[in-house]
Amino acid sequence: MEIRGNLLDRIAEAEKEGWLGEIEGLRVSLAGAESRIDQIDSAPGSVAINLGMSRKAPAHPAQKEGAGSLRQSRDDQQ
């Protein structure tokens, strides 16, 4: 919503200053922003979105101890 307001302010400024090319570009941007806002508003609220992030299983206590041993062995090598 802030984007829409910002674009409207910029269009008003461009009209005041007579920047015709800027006005057209801003109107195209505004139409795209409004279209995207409409898509978001019409989407069901309970839809899960896959962000492409995998879930990592919690480490077992034995694995945590092993990680500490690995870290210690790396320190010994230095």
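User: Which residues make up the largest nonpolar core here?

Analyst: This is a predicted model, and in it the largest nonpolar core has seven residues, namely Leu-7, Ile-11, Ala-14, Ile-23, Leu-26, Leu-30 and Ala-33.

User: Which elements give two or more residues to this core?

Analyst: Those elements are α1 and α2, where α2 covers residues 20-42, and α2 gives the most, with four residues.

User: Why would nonpolar side chains end up together?

Analyst: As a general tendency, nonpolar side chains in soluble globular proteins are often buried together.

User: OK, and what does Leu-30 touch?

Analyst: Leaving aside residues up to four places away in sequence, Leu-30 touches Arg-4, Leu-7, Leu-8 and Ile-11; of these contacts, Leu-7 and Ile-11 are also listed in the core, as is Leu-30 itself.

User: Switching topic, how many helices and strands are there?

Analyst: The protein has three helices and zero strands, so to speak of its order from the N terminus on, the elements run α-α-α.

User: Where is confidence lowest, and where is it highest?

Analyst: Confidence is lowest in helix α3, residues 61-77, with a mean of 52, whereas it is highest in helix α1, residues 2-17, at 94. For the protein as a whole, the mean pLDDT is 77, and 63% of the residues reach 70 or more.

User: And how much of the protein is buried?

Analyst: Of the 78 residues in the protein, 10% are buried, while the area that the protein exposes comes to about 7100 Å², with carbon and sulfur atoms supplying 52% of it.

Terms used: Residues are numbered from 1 along each chain as its sequence is written. This is a predicted model: local features need pLDDT of at least 70, side-chain atom pairs count only at pLDDT 80 or more; totals for chains, interfaces and linings use all residues. Side-chain values use heavy atoms; hydrogens and water are left out. pLDDT is the predictor's confidence in each residue, from 0 to 100. Buried means under 20% relative accessible area, exposed over 50%, partly exposed in between (1.4 Å probe, protein chains only). Accessible areas come from the Shrake-Rupley method with a 1.4 Å probe; for residues, only the protein chains shown count as cover. A nonpolar core is a set of buried Ala, Val, Leu, Ile, Met, Phe, Trp, Tyr and Cys residues joined through side-chain atoms within 4.5 Å. Contact means heavy atoms within 4.5 Å.
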